[in-house]
Amino acid sequence: MKVLSIDGGGIRGLIPALVLAEIEQRTSRRIAELVDMIAGTSTGGILACALGKPDPLPAAEIASLYVEEGPKIFDRSLLKQITSLGGYLDERYSSSGLEKALDRYLGDTPMSAATLPLVLTTYDTEARAIHLLRSEGEHSGASMVDAAHATSAAPTYFEPVRLDGATLIDGGVFAVNPSLVAYAELRGKLDLLLSLGTGEHTRPLPYEKVKDWGQLEWARPVLDVVFDGGQDAVDMQLRALLPDGYVRLQTQLEKASDDLDDAGADNLGRLRDEAEALIARETRTIDDVCERLTE
């Protein structure tokens, strides 16, 4: 089995989208023809749906959508800034921009119509439990729009999503890197697990800065810490479990912002630069991956 796993990371999903476009260019095939399953968290879940829907979008086209739709999704009106007190009293963004973008590109496609198995991560805040949205089997009755919306409902950024009696938030709270979820779904029966990151945080939180922080100061940074630590833990575990079958393509963000919601034109350009640098640096690894995917 060959599996693709795509991390969460908001607007930074542009990076794996460009890596996937490079793989499609080198193989002259669509991603859904190359892998047997896609697992995604948050922005990675959106990518999974776009890649796995009937008549899938080319990865290069999906990458362009980040540039076109990102500023609309992460649009903070003055009224929203005031009523949310900068995100401290309410979510930072209305879900309308995200919902419109998902509707435009995924339409009314049900998850069950996917051309290959999809697994999207969410967390049910009422059941206090992991909730996986699938294209087959348990929890496979959602539309792609609803599933993609639920997996992207990052706390403090967007409202939770009510779906089939559950209250769902971004699966990044437990699996920013959903590779281990994919491993568990297939019980380790994997020949190749290609894991794509969205860029690692590089801004330090030094002792002198954080030592006197309370709940208010930690409210936003702790989410980044959970996301960052979670993906590193999964990476370490998969390298031990699948030493020959796990390939991780990730980069440190040297130029681009690590904010999930920095959809400004300058940062989108820097994210593209980060992706191109990653592709150039890992070109031999990508060639090897392409060969294994087309075997």
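At what angle do the axes of helix 4 and helix 6 cross? Select residues 59-73 for helix 4 and residues 96-106 for helix 6; in this predicted model, their axes come within 8 Å and cross at roughly 150°. Angles over 145 degrees count as roughly antiparallel, and helix 4 and helix 6 are therefore roughly antiparallel to each other. The crossing of helix 4 and helix 6 is right-handed.

Next, display the side chains at this contact. On the side of helix 4, the residues to select are Leu65, Glu68, Glu69, Lys72 and Ile73. They meet Gly97, Leu98, Ala101, Arg104 and Tyr105 of helix 6. Coloured by class, the residues of this contact divide into five nonpolar, one polar and four charged.

**The largest cavity**

Keep helix 4 and helix 6 in view and turn to the cavities. The structure holds two cavities of 30 Å³ or more, and the largest cavity has a volume of about 400 Å³. To centre the view on the largest cavity, select Thr43, Ile46, Tyr66, Ile73 and Leu98, which are the closest to its centre among the 28 residues that line it. Ile73 and Leu98 also belong to the contact of helix 4 with helix 6.

Helix 3 (43-52), helix 4 and helix 6 are the elements that give two or more residues to the lining of the largest cavity. Which helix gives the most to the lining of the largest cavity? Helix 4 does, with six residues. By class, the lining of the largest cavity divides into 19 nonpolar, seven polar and two charged residues.

**The second largest cavity**

Move now to the second largest cavity, with a volume of about 40 Å³. Its lining can be selected in full: Gly8, Gly9, Arg12, Val176, His201, Phe227, Asp228, Gln231 and Leu260. The residues of this lining divide into three nonpolar, four polar and two charged.

**Arg203 and the largest pocket**

Select Arg203 next, in the loop between strand 7 (192-196) and helix 10 (207-210). Which residues is Arg203 in contact with, leaving aside its neighbours within four places in sequence? The contacts of Arg203 beyond those neighbours are Asp258 and Asp259. For a distance label, choose the C-alpha atoms of Arg203 and Ala263: these residues are 60 apart along the chain, and the atoms are separated by 18 Å.

Arg203 also leads to the largest pocket, which has a volume of about 390 Å³. Of the 17 residues lining the largest pocket, Arg203, Leu205, Pro221, Asp224 and Asp258 are the closest to its centre. Highlight helix 12 (residues 221-241) as well, since the largest share of this lining, five residues, comes from that helix. Six nonpolar, two polar and nine charged residues make up the lining of the largest pocket.

**Helix 1 and helix 14**

For the last stop, select helix 1 (residues 14-27) together with helix 14 (residues 283-293). The axes of helix 1 and helix 14 come within 10 Å and cross at roughly 60°, which makes helix 1 oblique to helix 14. Helix 1 passes helix 14 in a right-handed crossing.

To show the contact, display Ile23, Arg26 and Thr27 from helix 1. From helix 14, add Thr283, Ile286, Asp287, Cys290 and Leu293. The contact of helix 1 with helix 14 has four nonpolar, two polar and two charged residues.

Conventions: Residues numbered from 1 in each chain as written. Predicted model: local features only at pLDDT ≥ 70, side-chain atom pairs only at ≥ 80, totals over all residues. Heavy atoms only, no water. Axes fitted to C-alpha atoms, helices over the stretch in contact; angles between N-to-C directions. Helix = DSSP H or I, 4+ residues; strand = E, 2+ residues; numbered from the N terminus. Parallel < 35°, antiparallel > 145°, perpendicular 65-115°, else oblique. Left-handed = near helix turned anticlockwise from the far one by under 90°. Contact = heavy atoms within 4.5 Å. Nonpolar A, V, L, I, M, F, W, Y, C, P; charged D, E, K, R; others polar. 1 Å grid on protein atoms, 1.4 Å probe; cavity = no way out; pocket = protein on both sides within 12 Å on 5 of 7 lines; lining within 4 Å. Points joined across faces, edges and corners; volume = space filled by probe spheres on them.
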